[in-house]
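Grab a coffee and open your viewer: here is a short set of exercises to work through at your own pace. Try each task yourself before reading its solution.

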Amino acid sequence: MMNFQIDFIKDKVEFFDATDLKVLEKKIEAKIEENKAILLGVHSVSHQMYVSEKGQTFFTAVVHFKRK
């Protein structure tokens, strides 16, 4: 007899980056939709902006997902 056990992901942290804020938002929104399928919702978001010496702008975000 086989025992079948499902382990649910309780929380997960994902990192995102882009050189354009709209692109970063789209990446995060797509991941939010993916994670809804495994019953994870957004717990917190942290973001930063960095400008290089050459004037290039970078946006980063960390999104913490938790089980609903």
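The exercises below go from the sheet to the helix, the charged pairs and the surface, and they all concern a predicted model.

**Exercise 1. Work out the strand order of the sheet, and find which strands stand at the edges.**

Solution. Start with the pairing: the three strands form an open sheet with the order S1-S3-S2, and the pairing is antiparallel. Next, look at the partners. Strand S1 (11-18) and strand S2 (40-51) each have a single partner strand, so one side of each is left without a neighbour in the sheet. Finally, check the twist: on average, neighbouring strands here are turned by 15° against each other, direction ignored.

**Exercise 2. Describe how S2 is joined to S3, and what the hairpin between them looks like.**

Solution. First count the links: eleven bridges join S2 to strand S3 (residues 57-67), and the two run antiparallel. Then pick out some facing residues. Val45 stands opposite Val63 in S3, while Leu40 stands opposite Arg67 in S3. Now follow the chain around the turn: the hairpin of S2 and S3 has five residues between the strands, and Gly55 there takes a positive phi near 90°.

**Exercise 3. Place helix H1 relative to the strands.**

Solution. Locate residues 21-36, which make up helix H1. This helix lies across S1, S2 and S3, and runs at about 155° to S1.

**Exercise 4. Find the salt bridges within helix H1 and explain the spacing of their partners.**

Solution. Begin with the total: the whole structure has six salt bridges. As a reminder, side chains of opposite charge can pair when their charged atoms come close. One of the six is between Glu34 and Lys31, with the closest N and O atoms 3.1 Å apart. Both of these residues lie in helix H1, three residues apart, about one turn of the helix. Another pair is Glu33 and Lys36, where the closest N and O atoms are 3.2 Å apart. Because Glu33 and Lys36 are three residues apart in helix H1, about one helical turn separates them.

**Exercise 5. Decide which is buried and which is partly exposed: Glu14 or Lys12? Then see how their pair connects to others.**

Solution. Take the contact first: Glu14 forms a salt bridge with Lys12, and the closest N and O atoms are 3.0 Å apart. Now apply the cut-off, under 20% relative accessible area for buried. Glu14 has 12%, so Glu14 is buried. Lys12 has 23%, so Lys12 is partly exposed. For the wider picture, salt bridges that share partners join Lys12, Glu14, Lys31 and Glu34 into one network. In that network, Lys31 is partly exposed at 21% relative accessibility, and Glu34 is partly exposed at 47%.

**Exercise 6. Find which residues form a nonpolar patch on the surface, and place Leu39 in the chain.**

Solution. List the members: Phe4, Ile6, Phe8 and Leu39 form the patch, with about 470 Å² of accessible area together. Then locate Leu39, which is found in the loop between H1 and S2. Last, check the exposure of Leu39: its relative accessible area is 42%, so Leu39 counts as partly exposed.

Technical notes:
Residues numbered from 1 in each chain as written. Predicted model: local features only at pLDDT ≥ 70, side-chain atom pairs only at ≥ 80, totals over all residues. Heavy atoms only, no water. Pairing = 2+ DSSP bridges. Helix = DSSP H or I, 4+ residues; strand = E, 2+ residues; numbered from the N terminus. Axes fitted to C-alpha atoms, helices over the stretch in contact; angles between N-to-C directions. Contact = heavy atoms within 4.5 Å. Salt bridge = Lys/Arg side-chain N within 4 Å of Asp/Glu carboxyl O. Buried < 20%, exposed > 50% of the residue type's maximum accessible area, 1.4 Å probe, protein only. Patch = residues over 30% accessible without salt bridge, like charges linked within 9 Å, V, L, I, M, F, W, Y side chains within 5 Å. Areas by Shrake-Rupley, 256 points an atom, 1.4 Å probe, with all protein chains shown as cover.
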